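Colleague: I would like to learn how to read a model of this kind feature by feature, beginning with a single residue and working outward. Could we take it slowly?

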Protein chains: 2
Amino acid sequence: MTAQLILLVIAFSVFGLLVAAYLARWVLRFSTGSEAMQRISNAIKEGAEAFLRRQNRTIIGLALLFAIVLFLGYGVVREHRPFDPVGSSTQLAFWITLSFVLGALCSVFAGYVGMWVSIRSNIRTATAALSSLNDALRIALRGGAVSGLLVVAMSLLGVSGLYALVNAFGHVEPTKIPLLIVGYGFGASFVALFAQLGGGIYTKAADVGADLVGKVEAGIPEDDPRNPAVVADLVGDNVGDCAGRGADLFESTAAENIGAMILGASLAAAAEKANLGFSAGVIGVMMFPLVARAFGIVASIVGIMMVRMDKEEKLDPMEALNRGYYFAVVLAMAAFGGATYWLLNSPSAPQAWWHFFLCGIVGVLTSVAFVYITQYYTEYRYRPVQSIAEASKTGPATNIIAGIGVGLECTWMPALVMGAALLVSYFLGKSAFPAAAGMNGGLFGTAVATMGMLATAAYILAMDTFGPITDNAGGIVEMSQQPEEVRKKTDRLDAVGNTTKALTKGYAVGSAALAAFLLFQAYMDEVAQYAGQRMEAVNLANPVVFVGALLGAALVFLFSAMAIRAVGKAAQAIIEEVRRQYAKLPRVHDIIQFPADFKPDYGSCVDIVTKSALRKMVAPGLLVVLTPIGVGLVFKVFITAQDKLIAAEAVAGLLMVGTITGILTALFLNNGGGAWDNAKKYIETGAHGGKYLIAADGKKTKNPTHGAAVVGDTVGDPFKDTAGPSLHVLIKLLSTITLVLAPLFI
Amino acid sequence: MTAQLILLVIAFSVFGLLVAAYLARWVLRFSTGSEAMQRISNAIKEGAEAFLRRQNRTIIGLALLFAIVLFLGYGVVREHRPFDPVGSSTQLAFWITLSFVLGALCSVFAGYVGMWVSIRSNIRTATAALSSLNDALRIALRGGAVSGLLVVAMSLLGVSGLYALVNAFGHVEPTKIPLLIVGYGFGASFVALFAQLGGGIYTKAADVGADLVGKVEAGIPEDDPRNPAVVADLVGDNVGDCAGRGADLFESTAAENIGAMILGASLAAAAEKANLGFSAGVIGVMMFPLVARAFGIVASIVGIMMVRMDKEEKLDPMEALNRGYYFAVVLAMAAFGGATYWLLNSPSAPQAWWHFFLCGIVGVLTSVAFVYITQYYTEYRYRPVQSIAEASKTGPATNIIAGIGVGLECTWMPALVMGAALLVSYFLGKSAFPAAAGMNGGLFGTAVATMGMLATAAYILAMDTFGPITDNAGGIVEMSQQPEEVRKKTDRLDAVGNTTKALTKGYAVGSAALAAFLLFQAYMDEVAQYAGQRMEAVNLANPVVFVGALLGAALVFLFSAMAIRAVGKAAQAIIEEVRRQYAKLPRVHDIIQFPADFKPDYGSCVDIVTKSALRKMVAPGLLVVLTPIGVGLVFKVFITAQDKLIAAEAVAGLLMVGTITGILTALFLNNGGGAWDNAKKYIETGAHGGKYLIAADGKKTKNPTHGAAVVGDTVGDPFKDTAGPSLHVLIKLLSTITLVLAPLFI
């Protein structure tokens, strides 16, 4: 049965890849428009490719360095232990390092392809908008879907392929294979962290820099071609939002699959011992996560293909996207039910399969709740954003105070939802087996909930990449000075793109939260396997564990500080460069009078921000990688004498409290930033006086309320697009690094 | 021996109270200056007294309501259990409610007296500054010392008095008495929370409102008598910084004494069982915390009396304060060593006493480290504040980004120090007894470290109250338009006051951190006593505990949001009122031209902010009180079926992770706010162009860099003086409320 299941997963993944290739060809067939538009698009393309090339060189260098350390750590420093899954240290080092390198390379590739398609879809979306909103919508979504499908299919293929490889050559008991391929998830998160950090610093430094000198100082609109930083800004959308997010979601799906497999295997083994064995056997249960995800890919594809506008283009594009999404969810859940019935059926515990099916539903409902909460806190129809706009009337200080208030407040509802989801899926899983059997399916229940949430990940990722594509399309249309009606179309798409970006960020935090608990448990299971003794608890009342927990929380704060400060510094460099370019322009009443032949030097801004982002991503990235290693090793050396597992337990404390703090801080940063952004947009719709005040004598002056809101928007930029998304990766990286390094702490 | 020890503690406390009375009389003998100064001082006095009266009415009402609930909960709802320390539910309810009410009343009284002395010392400090800096310094410090001594002595007197009372009438085994008087700490924190919240909202709403319309819109200096909000601002310093902080430190010392007594009693009992009994007996060890604190009062008094300037007044006032402080520390440590030798001497474990003495030293060193770290992050001599000033050059947005970066960053060093202090004192305590004895003195070691840190609390508190007194003195001198040389003197004192306020905030967080761990352990000990079974661990890997932990962290975020937003809202109300008063004034080029006879209506601003602060303190206060109760009871009802202690364990998770998040968030808010404040002050010294730019033609314009720094300063106000200090109380309230309600969760 193992072989058939593996083949099935591989077949579905390959199908996903083929569809991605088909969609890419479909997108590329569309016209690339006028020469003026191509010129801009090419400038974006060049900037993005140059950045990604240089970034990947740095990241691959760091990853190789780490791979060597990993190999030496396992192959030379650590001694072979009786409970190790393979016969020698060298073998262990080989498989873990191999999967790390593969995960890292796949993650680099996923990010690159996401950006590759995105910088080609933007110009085609812009061109299509000249004639048909329907075509523009579909190009943007399908362009996004290329990277969505690729990411999900490739992560599945990687995990199942590695599994097949170890199975064929490793002489390992199948249920122990996941322990050897955890490196794949870690390699993926290692790359994702740097990609998201570098891209996030890039995109927001360019954005903040461009906004501050352009809109605020020079008084020119967004995406105005006279702003030297505008191309860097558009490049940023691609390298931050596409490439970074692609790598991020790639690692999520990979790590969570492996974690769920570890839990599934140990549950199924326990069930067999208790004579409640599943009809699909241990391997069937262990493979369940992969099969469920494989079905999800197909459901996502159907949903994506469905999306189109009606003939008259009266439909809201958001509704078209939602329709496709809901269809994908329903289909995915039906398939999920089928998969639970097929693989999680235990003849002696007849309720088990549908209990787990309900866990999957809990996961889906959690993601829906996260999306709604995100909307409430970041859309200007609701109280929070309106209160920020209101506070802008008394200046930037009250705007900032209100925004920070909203950001801090928005964490409590997600915390409640997460808590409820965890407990409900835990107790559903726990009651899957008769109490007398002494078995606990609770943890696997939370894992299945995560799988349910991630079933439609490919669709979500497509919607996410839709954002920067439409953003870029709008920028190209604006910069090439297309007629008003075309701008209206791209503005409509851009607004939808902003919404989808915010929603998918909510989804990403939600999945990080559920997945984190699953990955903790996998860690504890792994420690038990390697140590041959269970870690009974992660006891916060033990001062060593408490200190680990404290350091985990402090890590989140320090990391956020470094990410935010990096943006501030890089933005200042951009501002100085633009000021330099503007210094010699004539001014009337302090307002720059642009000569008709003014040609800004886009390249210098692109270059400055590229260098800055790459330099500044290294320190926070290494901090995250080295902190858990440091804590684990220091405690192991100084304290383990008294308790064999204490270092591993302290690291678990670091991981768990780091995760809790990380999730809440990410929500604070993401939603605070989003709320500031939309408070500004709300004022631009005319609220509180709009963008300009018109005096009785017809004189138009800047509205200081809008000016205050722009300050908030700018502060929110590094929150929501650099530090926040990087924290999602941090959370998962903590999980995967502890999974990979657990054996070293024992 | 019990009686003697109690008498000794009571005698020392009474001595402290007598010295406080003497100092108050000493301060009151000084002149209250000219009529102009008295007019201002009286306005402040009236405003502060009116606010405190109304606030106390609200708080006492809430406390009585809660006392009734407490009595009913223990006396009626909860059934008597075999392990209860007294024979019936009614007795248990009686003692717990009595100590709650006493704690609450003492806390109200401590806050009131702090404010009472402070509003009388400010005018006397101002008057003395007309002639002698030495007198001004001593009046301000001794005025502060009245409230410092009162707080510390009264908390000691309360705990020892209640102990004596229960001992005489309660028919309880002495080691179980602390379980009955935990209510005292909780009553104190209950009041402190509302006092700090209400006062904090008041002070910063007035400050932000006054600054925004005054400095920014009307262009008049700080503390200018033409600003209608300026009296409210000065009132705020008294009700927020004096009354609030007094109540806060009162509850700290009370709660920590009781917690340390619980741990001491259980350690000494275990030692007797292991034949390692202390020569001072179980009671001696249990009384150790009280004795150590009693000695600390005397040391603080000596330090305070020493402070004076040299004849030529060339000495920096800060140095004079530091000299007194160091002297107090050395003296306190010597006495501390004596107390450990006397009460913690175990003939069979000869190293025990000096191990614990070293723990005390660790506590002192920790507080010193916290003070230095605070200085590094908030003084403009160092990189962090300078980077904020630098970032102000590109506008308010980059100023805010830099400030938030500094705030988030400043958490890591305190986290490391705290971690090190905990582990070192734990392992010192653990190795106090021979390993073979199977005893663990580690937890008591951390408790002793806390006692060491708090030994000089009275001195610290005097320095803290010194801040608002000198601030007010400066305001009175400014508003009554005294000559330049007098202003210089008060400015010098005010600058020192700002430093001492920042330092004592660092000290308060440090003590909250160390104390928190001590109080967790007391909680676990208490649960064990009531349940008759040990809580083996606070196991974060259990999803129920994990959810408790998650909610604890979310509570901190939500509470901070509410506190910050309350300030924003109340400040907006002030701004609108001032704008209303300014609306009809003549303007030239948008600059208000104040008529010579302009009389602002101070009273209306005082009234608006009083109402606003009182209304807005209730919700966040109740949130903190009700969340742990809610979590404990919900989990008890729904989940305890499977594990008797699970609800108590989940509450412990909430408490611990809430504490970790709370400490880091408080550091973020306090130091971020302090850094913004000083970045503005740094620019005002002339850096980056200073306050005004002078053009080539001699035209003076506002420096936008300074304007940007003022935005940051304003944002930082509610951070550092409302939310941050309230979080200190929140942390301790969580500990005391769980201590008091633990029996209800079992």
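Colleague: Let us start with one residue, then: is B:Asn275 buried or exposed?

Modeller: Before answering, keep in mind that this is a predicted model, and that a residue is called exposed when its relative accessible area is over 50%. B:Asn275 has 65% relative accessibility and therefore counts as exposed. This residue sits in the loop of chain B that runs between α6 (230-273) and α7 (281-306).

Colleague: What is the value of phi at B:Asn275, and how should I read it?

Modeller: The general idea is that most residues other than glycine have a negative phi. Phi of B:Asn275 is near 60°, which is a positive value in a residue other than glycine. A second case is A:Gln481, where phi is near 50°, again positive in a residue that is not glycine. A:Gln481 belongs to the loop between α14 (457-479) and α15 of chain A, and at 58% relative accessibility it counts as exposed.

Colleague: Staying with loops, which residues does B:Ser31 contact beyond its neighbours within four places in sequence?

Modeller: With those neighbours set aside, B:Ser31 is in contact with B:Arg124 and B:Thr127. B:Ser31 itself is in the loop between α1 (2-28) and α2 (35-77) of chain B, and it is partly exposed, its relative accessible area being 46%. The C-alpha atoms of B:Ser31 and B:Ala128 are separated by 7.5 Å, although the two residues are 97 residues apart along the chain.

Colleague: Turning to charged side chains, how many salt bridges does a search of the whole structure find?

Modeller: The search finds 38 over all chains; a pair is counted when a side-chain nitrogen of Lys or Arg is within 4 Å of a carboxyl oxygen of Asp or Glu. One of them joins A:Glu379 to A:Arg381, with the closest N and O atoms 2.4 Å apart. The partners of this pair can be read separately, since A:Glu379 is buried at a relative accessible area of 13%, whereas A:Arg381 is exposed at 54%.

Colleague: Where are the partners of the salt bridge that A:Glu409 forms with B:Arg565?

Modeller: This pair crosses between chains, from A:Glu409 in helix α11 (residues 396-409) of chain A to B:Arg565 in helix α16 of chain B. The closest N and O atoms of the pair are 2.1 Å apart, and A:Glu409 counts as buried, at 7% relative accessibility.

Colleague: And which residues are linked with A:Asp717 in a network of salt bridges?

Modeller: The network links A:Asp717 with A:Lys204, A:Asp207, A:Lys505, A:Asp677, A:Lys681, A:Lys720 and A:Asp721. Within it, the side chains of A:Asp717 and A:Lys720 meet at 2.9 Å, N to O. Both residues lie in helix α19 (residues 704-745) of chain A, three residues apart, which is about one turn of the helix, and both are buried.

Colleague: A charged residue can also be read through its surroundings. What is A:Asp525 in contact with, apart from its neighbours within four places in sequence?

Modeller: A:Asp525 is in contact with A:Ile262, A:Leu263, A:Ser266 and A:Arg534. A:Asp525 is found in helix α15 (residues 484-531) of chain A, where it is buried, with a relative accessible area of 11%.

Colleague: How many residues are in the largest nonpolar core?

Modeller: That core has 594 residues, and those with the most contacts inside it are A:Tyr523 and B:Tyr523. Helix α16 (residues 543-582) of chain B gives the most to this core, with 25 residues. Setting aside its neighbours within four places in sequence, A:Tyr523 has contacts that include A:Met535, A:Val651, A:Leu739 and A:Phe745.

Colleague: Which residues form a nonpolar patch on the surface?

Modeller: The patch is formed by A:Ile68, A:Phe71, A:Leu72, A:Val76, A:Val77 and A:Phe94, which together have about 570 Å² of accessible area. Helix α2 (residues 35-77) of chain A gives the most to it, with five residues. A:Val76 lies in that helix and is exposed, with a relative accessible area of 59%.

Colleague: Finally, by what turn can chain A be laid on chain B?

Modeller: A turn of 180°, with a shift of 0.0 Å along the axis, lays chain A on chain B with an RMSD of 0.0 Å, and that is the relation of a two-fold axis. In chain A, the C-alpha nearest the axis belongs to A:Asn539, 2.4 Å from it. The copies meet through the same surface, because 100% of the interface residues of chain A are also interface residues in chain B.

Definitions and conventions. Residues are numbered from 1 along each chain as its sequence is written. Chains are lettered from A and ligands numbered from 1 in the order in which they are written. This is a predicted model: local features need pLDDT of at least 70, side-chain atom pairs count only at pLDDT 80 or more; totals for chains, interfaces and linings use all residues. Side-chain values use heavy atoms; hydrogens and water are left out. Copies are superposed by least squares on the C-alpha atoms of residues with pLDDT of at least 70 in both. Contact means heavy atoms within 4.5 Å. Patches are made of residues with over 30% relative accessible area and no salt bridge: like charges are joined within 9 Å, nonpolar side chains (Val, Leu, Ile, Met, Phe, Trp, Tyr) within 5 Å. Accessible areas come from the Shrake-Rupley method with a 1.4 Å probe; for residues, only the protein chains shown count as cover. Helices (H or I, at least four residues) and strands (E, at least two) are DSSP runs, numbered from the N terminus. Buried means under 20% relative accessible area, exposed over 50%, partly exposed in between (1.4 Å probe, protein chains only). A nonpolar core is a set of buried Ala, Val, Leu, Ile, Met, Phe, Trp, Tyr and Cys residues joined through side-chain atoms within 4.5 Å.
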